Amino acid sequence: MNSRRWALAASYTVLVMGVLIVVGPFVWQALTSVKSFQDSVRIPPTVLPSPWDWSGYAKVFEAVPLGRQFVNTVLMAGGRTIAQLVFCSLAAFAFARLEFPGRRFFFGLFLVVLMVPSQLFVIPQFLIMQKLGWLNTIQALIVPGMFSAFGTFLLRQFFAGLPRELDEAAELDGCGPLQRYWRILLPLSKPGLIALAVLTLLWSWNDLMWPLIVNTDPEMMTLSAGLATLSGQHNIEHPTLMAGSLIATAPVIVIFAILQKQIIEGIANTGSKS
């Protein structure tokens, strides 16, 4: 009995430490956002603001066009997410449920792309955007992220785990490949689609390098790129930066909190069948 109590106490201790490690930075961020600049750079650092100063939230709207950048971020994240749900699900359906020459070979190429650092694609993609005249545009933010090998792999594993009898029954009813995809397999893959949608949304919302490279006009920047410009060479307004970061982070935290069950279920089901 004592051993069980010790094991339970150890489990709770580990969980509490994990919560502190994960939640601690967000709490520090929120407290720093309501500090004065002098209070934020004080040594030794103080935990609670003294006094509470909310001017950082006003300054961030003065420093960058936060409203416009928020709209740019929503358009980029939404465009990428919708496009990946369409293109990745179609490719995943083909790899999982259709028979065609070289299927395994081409799927292997997709897996190879997962091992290539994304930074290697930056220069070619930038040159393409430049040739198209898309620098400082919304489409430059959306188009390179409309498809992903990870999304194809995730949904392919999910489609492969569905019973083959569904295809056979649909074929007997006269359904073609696209009808099987749209009417049968896609509705049954809702957890996988939600998982991909939220992961793509989070990745796009937090994307910094590509928006910072392709769009240099503050009016066409995303939130992550716009907030990066607040870090000066010699002086950083920590309360202003933390206030902007908190505003930018809040929407994705809410989305993840609402859909976390579907995300876990969708990812867990991807490994049920290869």
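Which residues of helix 10 are buried? The model is predicted, and in it the buried residues of helix 10 are Arg180, Tyr181, Leu185 and Leu186. They sit on the same side of helix 10, because they cover an arc of only 135 degrees around the axis. Turn to the other side of helix 10. There, Trp182 and Arg183 are exposed.

The helix itself runs from residue 177 to residue 188. Its 12 residues reach 16 Å from the first C-alpha to the last. That is close to the 16 Å expected at 1.5 Å a residue. What covers its buried residues? The cover includes helix 4 (66-97), helix 8 (149-160), helix 9 (165-172) and helix 11 (190-206).

Take helix 11 next. The axes of helix 10 and helix 11 come within 5 Å and cross at roughly 70 degrees. Helix 10 is therefore roughly perpendicular to helix 11. Leu186, Pro187 and Leu188 provide the helix 10 side of the meeting. Lys190, Pro191 and Leu193 provide the helix 11 side. Leu186 thus appears twice: it is one of the buried residues of helix 10, and it meets helix 11.

Helix 11 also packs against helix 8. Here the axes come within 9 Å and cross at roughly 165 degrees. This angle makes helix 8 roughly antiparallel to helix 11. The crossing is right-handed. From helix 8, the contact uses Phe150, Gly151, Leu154, Leu155 and Phe158. From helix 11, Pro191, Gly192, Leu193, Leu196 and Leu199 take part. Pro191 and Leu193 of helix 11 also meet residues of helix 10.

Stay with helix 8 for one residue. Threonine 152 has its place there. Is threonine 152 buried or exposed? Its relative accessibility is 0%, so threonine 152 counts as buried. Which residues does threonine 152 touch, leaving aside neighbours within four places in sequence? Its contacts are Cys88, Ala91, Ala92, Phe95, Phe110 and Phe147. Serine 89 offers a distance for this region. Threonine 152 and serine 89 are 63 residues apart in sequence, yet their C-alpha atoms are 6.5 Å apart in space.

Helix 4 holds another residue to inspect. Asparagine 72 has its place in this helix. With 0% relative accessibility, asparagine 72 counts as buried. Beyond its neighbours within four places in sequence, asparagine 72 is in contact with Ile138, Glu219, Met220 and Met221.

Now leave the helices for the loops. Where does proline 44 lie? Proline 44 is in the loop between helix 2 (37-40) and helix 3 (55-63). The peptide bond from isoleucine 43 to proline 44 is cis, with omega near -5 degrees. Proline 51 also lies in the loop between helix 2 and helix 3. A cis peptide bond joins serine 50 to proline 51, and omega there is about 0 degrees.

One more loop has a backbone detail to check. Asparagine 136 lies between helix 6 (122-132) and helix 7 (138-142). What is the phi of asparagine 136? It is near 60 degrees, a positive value in a residue other than glycine. The relative accessible area of asparagine 136 is 29%, so this residue is partly exposed.

Terms used
Residues are numbered from 1 along each chain as its sequence is written. This is a predicted model: local features need pLDDT of at least 70, side-chain atom pairs count only at pLDDT 80 or more; totals for chains, interfaces and linings use all residues. Side-chain values use heavy atoms; hydrogens and water are left out. Helices (H or I, at least four residues) and strands (E, at least two) are DSSP runs, numbered from the N terminus. The expected span of a helix is 1.5 Å times one less than its number of residues. Buried means under 20% relative accessible area, exposed over 50%, partly exposed in between (1.4 Å probe, protein chains only). The arc is that of the directions from the helix axis to the C-beta atoms. Contact means heavy atoms within 4.5 Å. Axes are lines fitted to C-alpha atoms, for helices over the stretch in contact, and angles run from 0 to 180 degrees between N-to-C directions. Angles under 35 degrees count as roughly parallel, over 145 as roughly antiparallel, 65 to 115 as roughly perpendicular and the rest as oblique. A crossing is left-handed if the near helix is turned anticlockwise from the far one by less than a right angle, and right-handed if clockwise.
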